[in-house]
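This report describes the fold, the overall form and the surface of one protein chain. Please look at the sequence and the structure before reading on.

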Amino acid sequence: MIEVTKYLVRAAYTAEGVKGLRKKGGTARVDAIRSVAEKLGGKLESFYFAFGEYDTYVIIDLPDNASAASIGLAVSGSGAARTDTVVLMTPAEVDEAVSKELGYRAPGE
């Protein structure tokens with residue numbers, strides 16, 4: 001089984017992006033992102049439009065950070081939206097992280 005990582009991709013449309021959205025509709029955007037994810041060996045988990053600072057919230061499974069970066073670069077490079085990508089962690093991954101002994105000392109200790 002191939003390990004995948006979940007990513008939250010938030011996008012805010014530019015004026016040009018809104019024109020495209022109005023022309024083709026929301027389901028066309030979902031289909032486009034689903035196709036991109038599958039070409040990269042991933043899977044679209046969910047896609048939501050929203051009010052506020054970001055117009056879309058997408059959760060996507062991808063095989064690696066380079067794949068996630070390639071989506072962000074393609075979308076942002078199109079000029080139709082600006083994106084940011086957040087790596088999502090499972091509770092088990094957090095448990096693993098907090099169980100590691102680091103020997104870290106805070107400044108001044």
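How many helices and how many strands does the protein chain have? The model, which is predicted, shows four helices and four strands in the protein chain. Read from the N terminus on, these elements follow the order β-α-α-β-β-α-β-α. The protein chain is more spread out than a compact globule, because its radius of gyration is 17 Å, well over the 13 Å that the globule rule gives for 109 residues.

The table collects values that describe the protein chain as a whole.

| Property of the protein chain | Value |
|---|---|
| Box filled by the C-alpha atoms, along the principal axes | roughly 60 × 40 × 20 Å |
| Share of the 109 residues that count as buried | 23% |
| Exposed area | about 7700 Å² |
| Distance between the mean positions of the positive and negative charges | 12 Å |

Carbon and sulfur atoms supply 58% of the area that the protein chain exposes. The charges comprise 13 positive and 15 negative ones. Contacts within the protein chain also link distant parts of the sequence: among those between residues at least 6 apart in sequence, 62% join residues at least 24 apart.

One helix may be considered more closely. Does helix α1 lie largely in the open or largely buried? Helix α1 covers residues 15-24, and of its 10 residues the number buried is one, so helix α1 lies largely in the open. Just after α1 comes Gly 25, which takes a positive phi of about 90°.

Definitions and conventions
Residues numbered from 1 in each chain as written. Predicted model: local features only at pLDDT ≥ 70, side-chain atom pairs only at ≥ 80, totals over all residues. Heavy atoms only, no water. Helix = DSSP H or I, 4+ residues; strand = E, 2+ residues; numbered from the N terminus. Rg over C-alpha atoms; globule rule 2.2 N^0.38 Å. Buried < 20%, exposed > 50% of the residue type's maximum accessible area, 1.4 Å probe, protein only. Contact = heavy atoms within 4.5 Å. Areas by Shrake-Rupley, 256 points an atom, 1.4 Å probe, with all protein chains shown as cover. Lys, Arg positive; Asp, Glu negative; His and termini not counted. Charge placed at Lys NZ, Arg CZ, Asp CG, Glu CD.
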